[in-house]
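Please write a short report on the fold of this protein chain. Cover the sheet, the core and a few individual residues.

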Amino acid sequence: MVRRAAPPKPGQAFEELQASVLFCGRCRAPQPVRERLLLVLPNGELYEYLCTACGESVGKRTLTGAPLVMG
Ligand SMILES: [Zn+2]
């Protein structure tokens, strides 16, 4: 499920709309979050998740978009 070898599909406009819900410590409730690109790393991209209700940073994630290097 982590493969990024998906072929390009026509009319794929949902990519940016993917919403996730994370627990926000400030709201003390699960909140929908906004993904924000924080850093571009040599081996991927660091994303930060911001609570859409209060703007608090509720998490980070590194997306490795680089091709896997095998042996
Ligand atoms: Zn919040």
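## Leu 39 and its surroundings

Leu 39 is exposed, because just 11 other C-beta atoms lie within 10 Å. Here a residue is exposed with 12 or fewer other C-beta atoms within 10 Å of its own, buried with 20 or more, and partly exposed in between; the C-beta atoms are placed from the backbone. This is a predicted model: local features need pLDDT of at least 70, side-chain atom pairs count only at pLDDT 80 or more, and totals for chains, interfaces and linings use all residues. Residues are numbered from 1 along each chain as its sequence is written.

Leu 39 belongs to strand 2. Strands are DSSP runs of E with at least two residues, helices are runs of H or I with at least four, and both are numbered from the N terminus. The bridge partner of Leu 39 is Leu 46 in strand 3. Leu 39 also has a C-alpha separation of 9.2 Å from Thr 62, a residue 23 positions away along the chain.

## The sheet

The protein chain has zero helices and four strands. Along the sequence the pattern reads β-β-β-β. The four strands form an open sheet in the order 1-2-3-4, with antiparallel pairing. Two strands pair if DSSP finds at least two bridges between them. Strand 1 (20–24) and strand 4 (57–63) stand at the edges; each has a single partner strand, so one side of each is left without a neighbour in the sheet. From one strand to the next, the twist averages 40°. Axes for such angles are lines fitted to C-alpha atoms, for helices over the stretch in contact, and the angles run from 0 to 180 degrees between N-to-C directions.

Strand 2 covers residues 29–41 and pairs with strand 3 in the antiparallel sense over eight bridges. A hairpin of two residues links strand 2 to strand 3. Strand 3 (residues 44–51) is joined to strand 4 by six bridges, again antiparallel. Two of the facing residues there are Tyr 47 and Arg 61, the latter in strand 4. Leu 50 has Ser 57 of strand 4 as its bridge partner. The hairpin of strand 3 and strand 4 has five residues between the strands, and Gly 55 in this hairpin takes a positive phi near 85°.

## Core and contacts

Buried residues make up 8% of the 71 residues in the protein chain. The largest nonpolar core holds five residues: Cys 24, Val 33, Tyr 49, Cys 51 and Val 58. A nonpolar core is a set of buried Ala, Val, Leu, Ile, Met, Phe, Trp, Tyr and Cys residues joined through C-beta atoms within 7 Å.

What does Tyr 49 contact, leaving aside its neighbours within four places in sequence? The list is Leu 22, Val 33, Glu 35, Ser 57, Val 58, Gly 59 and Lys 60. Two residues are in contact if their C-beta atoms, placed from the backbone, lie within 7 Å. Of the contacts in the protein chain with a separation of 6 or more, 23% are between residues 24 or more positions apart.

## Three exposed residues

| Residue | Place | Other C-beta atoms within 10 Å |
|---|---|---|
| Arg 28 | loop between strand 1 and strand 2 | 8 C-beta atoms |
| Arg 36 | strand 2 | 12 C-beta atoms |
| Thr 64 | segment after strand 4 | 12 C-beta atoms |

Arg 28 has a phi near 55°, a positive value in a residue other than glycine.

Arg 36 is in contact with Tyr 47, Glu 48 and Leu 50, leaving aside neighbours within four places in sequence. The C-alpha atoms of Arg 36 and Leu 50 are separated by 7.4 Å, and these residues are 14 apart along the chain.

Thr 64 touches Asn 43 and Gly 44, not counting residues up to four places away in sequence. Thr 64 and Arg 4 are 60 residues apart in sequence, yet 9.5 Å apart in space, C-alpha to C-alpha.
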